[in-house]
Structure formats: structure tokens, C-alpha cells
Amino acid sequence: MAKSKFSPLISFDRLWCGNHQIPTSLLIEVSGKEKTEKKLALFRFFLAISIVAELFGYFFITFGLALDVSSLYFFLGISLKIGGTILGALFQNKAGIFLSLKLQSYLRQLKSCSLEVHSILADRGCSEAEINALKTLPSDVYQSEINSYQSARVLNIGTPLFCSLALLISGDLFTSIVVASLGLLSFPIGEGFLKDSTLRKESKLRLGLAAQLLQYVDKVYREHLWLTTKVNFLSQLPLLLFAIRLVWNSAGPLLASFFGLTQGLAGLTGTLAFQKSRVAAIRAAETTTHLIQALNSPYLIITPQRWKEHCSKHENAIEDGDKKIESWNGKENGVLINNFSPIVSLRENSFFSVSCFIPAGSLYLLKAASGKGKSRFLAALTHLIEHTGDIYFSLEGALVSAHKLSRKEFDSKIFFLREEDIEASSRIIDLFKAITHKKNRQLMEESKVQFDPLLVDLAWSSPDNLIEQEIKNIESAKLSAFPNTMLPFLKELRKAQTRQIQQLLDNAGGNLTSERIFPERNFLTLSAGEKRRLMTLIALETCRTIKDTALVILDEPFTHLDQANIDEQLKSIVMMQKLPSPPSVLIISHLFVDEIKEKLSDVQVCCPN
């Protein structure tokens, strides 16, 4: 790992990125896959070579114009300029796509630990608006790559200097000095413009808009008007300088002089105009860096590299089949939790340790009042944050430590749905995707023969509200991501899912049978009690469909419910216990403890201090 950080390619990449782009070294730290991540550094290296070719193109164009417009130097310059531009854009796009896809994969991991990551980002100075805009980061980072500040800076400074060199060689000393001065001045002027205007303005606007103080915001905008006027004046200087050159000496290669002056001023004004995009790039790079560092925090266990490091710390876990733990009799299937406790910071002292064996089909009730660290315990139990102790899965006499499993294998064994991790746009139908997939598999496989399989998978994976809109687009002859021929399939897929989920809701009883509850309804618009019932139903149907589920965690499943719906909730849990391959059930609740013990079988109760 250390070697990759200081290799010439990685060192070049870090220098190229500065604070405007995401360095390859940061991705290597997160994934541990040096060979894969170094592709990004290679794309940027080839981009730099393309820019050098483009600069030599400007040199030969200017030199050719100074000699003769039909000169071979001129056409060589044109070829280098066009080739460098096209190749540079190609490598910029490749880098942007690579980084955007990588960031989207990180955001997918964020779904199960949004609260923890948002807390870390807030501590690192990210505003609420920036945290809420995390989903747009892949697009922002992509734009930062294809509009690279480093590329623009090299071109804005290098182009006038290469044109100046060509003019100097051709004998036009005056114009050469002017053009070179414009190129050399563009960097300090641009830096001053950024610090004294752009960054200051953005900082003022950020505070003013957050404070909703419109008078202050108006003042900031009026200050910016004068600055804009000065920049516009600079953009007209090429004509003025060319006129001065013409009056001073009407002879000589005027076409080359005009081209050189134009490129010099284009570099200067381009540097000033780019500062707004530069601020956006810096902000996107900062937020993305904070996000990646948060995901790779030693406190969290989210990325593949962190999972690997975490499991290596627990390599002394009890081997499969070891029967030294008293709470396990060595025969029953179930889940064993041994001396398990979250690792918390020094500022927190409300935590507890749990040791128990939950046989398959039985229930463990963790009774604790608010503020006792239940949420932190559950985050540790699902291996989102660091912990002490271990969790084992017992199956047919074998005891398997969670740390002997891959992340994917571990996640498949535990069902825990947190309301905070459900996206704001999610409908009820979206929450049942894993459950209805098996029922709709035949329809999708048949459709993959007729249509592009990737489009069929896209139709299944996309949120229901977006698929509904695509159907409307096709029906109204508007542009759609899907061909018109897929319209019958899209309608049939939605209809099948709606019918299947509506049947589950009708069979659930209680408040879920209300006409107000239907598959297309947004989850966040449900009442607190309706959400509790729905999440327990999803847990039941997940265990019925996915046989590998070993542990179901229900957090406060009885709050906000009247007695009739508490009874329905208890029925759902009983059904879960009576499945052919029942899971162990962990319930977090400080209410209705006596009623739970009375109406459910095989209940253990723990009251941590």
C-alpha cells in the first residue's frame, strides 16, 4: 500500500488533483485494490500527454501563420491541436465515468448506515444542504473531471506561452512579450480573483442563504456586479491590443500576432471565468473526500477493506463446532451472541454488553429505556460499527463466527430494516422487491429473450415512481429510456407486483387492510403505527422467501399501535416463529413486555443496566 502511494504514477496523480479532484491514492486506501484503482491515475496521465500535444499544436499554428498560412507547420499544428483535444476529452470522460461509478458504489453502501455517516460528515463541517445532496455527488465529480481545473490551468497558462515562443522565434518580439505576460499573469490574477472574490462570495452566500437574510444576500450580489463588469472588459482587450500593434507597426505577420494575442487574452479571461466552476469542484472534492474517509473510518465497518481489517482483529474467534460457550448446548440451530458490546467514544458512557443464545424460532426481548444505547448496540450487532465480543450462527451442530463470513454472506443472515435508511421517494412496492423477485422471475426471463436483458434488469431495479413516469412518457410519445415495444412488459411488471403486494397487505390484517394503504403509496406518508406494521410484514415475508435469514431484528415494533394492531403484530411474529425454517427473533422494546411474554412462546428477557 505504501509503495503505491509514492510510486511515480500515484505521486503525479496526487499533484495533478490538488484539492480539486479525488486522488487515486484515496480510492486505494478504501478498496485495497491497487491494480484496479490505478486505472484512474493512468487516464489522468494520458490526459496530461494529450494536453502537451495540444500546446505544441498552438505553437506550430502560430509559427506557421508567421511564416505562411500554407506552411506545413500550420497544418502540423492543426493536427496536434485537434488530436490532443479529442484524446484529452476521451481520457477526461473515462476518468469521470470511472470515478462516478466508484462513488455510486460507495453511496449504495451508505444506505444501511446513513445516520452514522451523516453524523461524521456534519462533524467535518459539511452543511445540511451538502449532506442532503450526496446523491448528486457522482454527477458533480464527473463534471469536475471533464471540466478539470488542472487541465484548464495548464491550457490557459501554457497556450499563451507556446504562442509567445513561436512569435519570438519568428521575430515578433513586442507581441511575444505581451502574449507571454498575459499567460504568466493569468495564474496570479486567477488566484487573487478566486480568494478575494469567488471564494469570499461563495462563503458569504452560503451564510446569507442559510440565515435567510435577504438584504445581506442582495449586497453580495451587487458587489459581484462590478467584478463581472471588469471581467467583461478584459474579454474585449484582444481588439484593443491588436489595434495598438497595427498602429505601432503595420507590417509583419499580423495574422500570427492577432492569433497569439487572442489566445493570450482567452487564457486570462478563461482563468477568471473558470473560478466559479473551480469553487464547485473544490466543494465536490471536499465533500467526496469526507464521504470516502467517513466510509473508511476506523469506527465504521462498511467498505470491503474495513470488513477485512475488522475480521482480522477477531481471528481468534471460537472455531466452528467449539462447544466452550455455556449458553449453547451444541445441538440447536440459532444465533449466539457472546459478550457483545459496541465500541463507543470516550464522550459516551451509556452502553451495555449482551450474551445469549437465541434458538431458531424463539424470541429474545431486549428491554431498555431510551438513552441506554440501543441504537448503537443494533448498529454494532449488524456490523456497521466496531464492537467487542462476537456473534455466531449455529446450524446443524456447527458454530460459525460472523467474522469467518464474507460481508455479503453475513448481511444475508440478518434482517434489520431501519426507517431512517428508507429513501424519501420509496413507495411500498419498492420495499418488497426482494420478496416479489422470485414470483416475477419467469416474466423477466421471458422478456430478456425479447428485449435487451440490461433494460429488463433496469426496469426491475428502478423505483416504481420512475417506471410509472417512463410508461407515461411512452404513452404520450415523449422520450423514454425504454423503447416503445417494452410498454406492455413495463405495464405487466408493475401490475404483477401491485397485485402480489396488495394481497400481502390484505392478508396482514389490522391497519394494513385500510384503503389508505396501497402499493403505490409513499412510505414516508404512512403513520408511525402503519410503518411499524409494514416493516414487520416485510420481515415476515422476507423470512418466508429467503431461507438463509438467521436473525430478525425488530426495533420497537409495538409503539404507536392500538390494542387491535398490537394483536395483529403479535400474530405476525407468531407466524414468523412457525415458519418451516424459522429465524431467531430479537425484539427491542421497553413496552408491553408482560403481554409479549404471555402471547408469544420461547421468550427470553434481558434488562441491561
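**Exercise 1.** How many nonpolar, polar and charged residues does the lining of the second largest cavity have?

*Solution.* Keep in mind that we're working with a predicted model. Start with the setting: the structure holds three cavities of 30 Å³ or more, and the second largest cavity has about 60 Å³ of space in it. Next, list who lines the second largest cavity: I429, K433, A459, S462, D464, I467, L490, L493, R494 and Q497. Now sort them by class, and you get five nonpolar, two polar and three charged residues. Finally, look at where they sit. Helices α21 (464-475) and α22 (487-508) each give at least two lining residues, and α22 has the largest share, with four.

**Exercise 2.** Work out why helix α3 (residues 24-31) counts as largely enclosed by the rest of the structure.

*Solution.* First, the cut-off: a residue is buried when its relative accessible area is under 20%. Then go along the helix and pick out the buried ones: T24, S25, L26, L27, I28, V30 and S31. That's seven of the eight residues in α3, so the helix is largely enclosed by the rest of the structure. One step further, just after α3, you meet G32 with a positive phi of about 75 degrees.

**Exercise 3.** Find the strands that pair with β7 (residues 551-555).

*Solution.* Begin with β6 (residues 414-415): β6 and β7 pair in the parallel sense over two bridges, with F415 partnered by V552. Move on to β8 (residues 584-588), which runs parallel to β7 and is joined to it by five bridges. Here D555 stands opposite I588. To get from β7 to β8, the chain goes through helix α24 (residues 563-577), making a right-handed β-α-β crossover. Last, check the cover: four of the five residues of β7 are buried.

Key. Residues numbered from 1 in each chain as written. Predicted model: local features only at pLDDT ≥ 70, side-chain atom pairs only at ≥ 80, totals over all residues. Heavy atoms only, no water. 1 Å grid on protein atoms, 1.4 Å probe; cavity = no way out; pocket = protein on both sides within 12 Å on 5 of 7 lines; lining within 4 Å. Points joined across faces, edges and corners; volume = space filled by probe spheres on them. Nonpolar A, V, L, I, M, F, W, Y, C, P; charged D, E, K, R; others polar. Buried < 20%, exposed > 50% of the residue type's maximum accessible area, 1.4 Å probe, protein only. Pairing = 2+ DSSP bridges. Right-handed = clockwise from strand over helix to strand, strands pointing away.
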